[in-house]
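Here is a short report to read beside the sequence and the model. It moves from strands to helix and core, then to charged pairs.

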Amino acid sequence: MELLITVCFLVLFCTISYFYKRFSQMRSHSCYMLAYECFKATDDRKLDTESCVKIVLRNKNLGLDQYRFLLQTMVNSGLGEETYGPRNVLAGREETPTLMEAHEEMDEIMFGTLDNLFSKTDVSPSDIDILVVDVSLFSPSPSLTARIVNRYRMRDNIKSFSLSGMGCSASMVAIDLVQNLFKSYKNAFAVVVSSETIGPHWYCGKENSMMLSNCLFRSGGCSVLLTDKPCLKHKALMKLKHSVRTNIGSNDEAYGCCIQIEDQQGYNGFLLTRNLTKAAAKAFTMNLKVLVPKILPIRELIRFAVISICKTNNKTAKPSLNLKTRIQHFCIHPGGRAVIDGLGKSLGLNEYDMEPARMALHRFGNTSAGGLWYVLGYMEAKKRLKKDDKILMISLGAGFMCNNCVWEVMKDLGNGNVWEHCMDRYPIPRKNTINPFADKYSWINDERLNFVRMDLSNIILS
């Protein structure tokens, strides 16, 4: 009897929530994505195996243990041979980065993507009402938004915002900010620029937990054009349906699991601790508790509630939400193989669902806030995105934060975009693929080297 009463109450609650949600959506202001442009660096910036090895060997702080750690990390990273690195690191100046080089790195990404974005959409820079730039580790004065305004001679009444310190989830923060600004500024154009400076923050020490960032992060970024103008709905690629942000920074472990610090030798770097996985799981779960009722049909919520109640009497029953009842595509942040595998497992995704994130990681690496847009680009280039499809974007970042959103595809999409040059080579099969690092340098794990004193850098280079 108690079970029946509980189910009836849940049905009533879900019904009321459903109609309230529909009413809220009717009143809410629309946010349309008109275009997005991902950055692709020139070939001279590719970080293949040999380039990575040369960079590693320049660090005289490293020994056999560190070489073994880096080998294992690169073999398991999921990155391929064509990711892009910053020019100062490739030129051997990682220990002496300059302000000019940091600006040049940003200029190449920001102006390159914005030039293409304005050209492709025929929207003039003078038409932009809102400008948001999210770059976590580089906050110069004048700001990067001011640099863009100066370059394109934008209007003097433009609303500009510079976001910093938010890590890989910053792009979703920027999108959410624009959506809320559209409530105050009607019939507006907005541009979001998402990227990160890699060159000035290349770690030159020997701490394993801080060398991880060198193995995963690569150069990249994206510019996105948004509007709330109903008259441009027919030109829109997608419409933002929901956006939910979660910040668990009040927890000390979560706050410190992904943090910029200085090691004992005085080298600056980004520390990734073992608590990162725990913090990510907690933030993601809390985010879904808010997002799921907004997107799933009532029947799925009732099914989950009934199974959850029955679980108290049957411990073998494992309640799980089937997000695929409403979501067709999962745009997972390509933060690393462990991140993709963990999120995929928790959501019950198959290899087809996780393929875009895996391939974005393989081709472009972890490009921080810009990473999600390479994943979206892969979906579009593979012609997966059809009218009325729903896309769940999942991002995790320092703080610790989980910021997710849902897009609705407005028309069938199939632009080759940044993937056009290599689409015929993807997907790369996970099995039967020889990792070049393991193929060339697996001998470093030979235990006999523990008893030999020699300069390993000379052997590796030869």
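How many bridges join strand 2 to strand 4, and do they run parallel or antiparallel? Six bridges join the two strands, and they run parallel. This is a predicted model.

**Strand 4 and its neighbours**

Strand 4 spans residues 189-195. Val135 stands opposite Ser195 of strand 4. Strand 4 also pairs with strand 5 (residues 221-227). Here the strands run antiparallel, joined by seven bridges. Val193 has Ser223 of strand 5 as its bridge partner.

Strand 4 is mostly covered, with seven of its seven residues buried. That holds for both faces. One side carries Phe189, Val191, Val193 and Ser195. The other carries Ala190, Val192 and Ser194.

**Strands 1, 6 and 11**

Strand 6 (residues 238-247) pairs with strand 1 (residues 32-38) in the antiparallel sense over two bridges. Tyr32 has Lys239 of strand 6 as its bridge partner. Strand 6 also runs antiparallel to strand 11 (residues 401-409), and nine bridges join these two. Lys239 appears again here: its bridge partner in strand 11 is Glu408.

**Helix 14 and the cores**

Helix 14 covers residues 371-381, and eleven of its eleven residues are buried, so the helix is largely enclosed by the rest of the structure. Among the buried residues are Gly371, Trp373, Leu376, Glu380 and Ala381. Lys383 follows helix 14 and has a positive phi, near 60°.

Trp373 and Leu376 are also among the residues with the most contacts inside the largest nonpolar core. That core has 79 residues. Ile148, Leu226, Trp407 and Trp419 are the others with the most contacts there. A second, separate core has 36 residues, including Leu79, Leu291, Ile295 and Ile332.

**Salt bridges**

How many salt bridges does a search of the whole structure find? The search finds 21. Three of the pairs are set out below.

| Salt bridge | Closest N to O |
|---|---|
| Arg363 and Glu82 | 3.8 Å |
| Asp107 and Arg147 | 2.8 Å |
| Asp129 and Arg155 | 2.6 Å |

Take Arg363 and Glu82, whose closest N and O atoms are 3.8 Å apart. This pair links distant parts of the chain, 281 residues apart. Arg363 sits in helix 13 (residues 351-364), and Glu82 in the loop between helix 3 (64-77) and helix 4 (87-90). Both Arg363 and Glu82 are buried.

Next come Asp107 and Arg147, which meet in a salt bridge at 2.8 Å, N to O. Asp107 lies in helix 5 (residues 99-121) and Arg147 in helix 6 (residues 144-152), so the pair ties together parts that are 40 residues apart in sequence. Asp107 counts as buried at 15% relative accessibility. Arg147, at 30%, counts as partly exposed.

The side chains of Asp129 and Arg155 meet at 2.6 Å, N to O. Asp129 lies in the loop between helix 5 and strand 2 (130-135), and Arg155 in the loop between helix 6 and strand 3 (159-163), so the pair ties together parts that are 26 residues apart in sequence. Asp129 is buried, with a relative accessible area of 18%. Arg155 is partly exposed, with a relative accessible area of 27%.

Salt bridges that share partners also build one network. Asp43, Lys46, Glu82, Arg363 and Arg425 are joined in it.

Key. Residues numbered from 1 in each chain as written. Predicted model: local features only at pLDDT ≥ 70, side-chain atom pairs only at ≥ 80, totals over all residues. Heavy atoms only, no water. Buried < 20%, exposed > 50% of the residue type's maximum accessible area, 1.4 Å probe, protein only. Helix = DSSP H or I, 4+ residues; strand = E, 2+ residues; numbered from the N terminus. Core = buried A, V, L, I, M, F, W, Y, C linked by side-chain atoms within 4.5 Å. Pairing = 2+ DSSP bridges. Salt bridge = Lys/Arg side-chain N within 4 Å of Asp/Glu carboxyl O.
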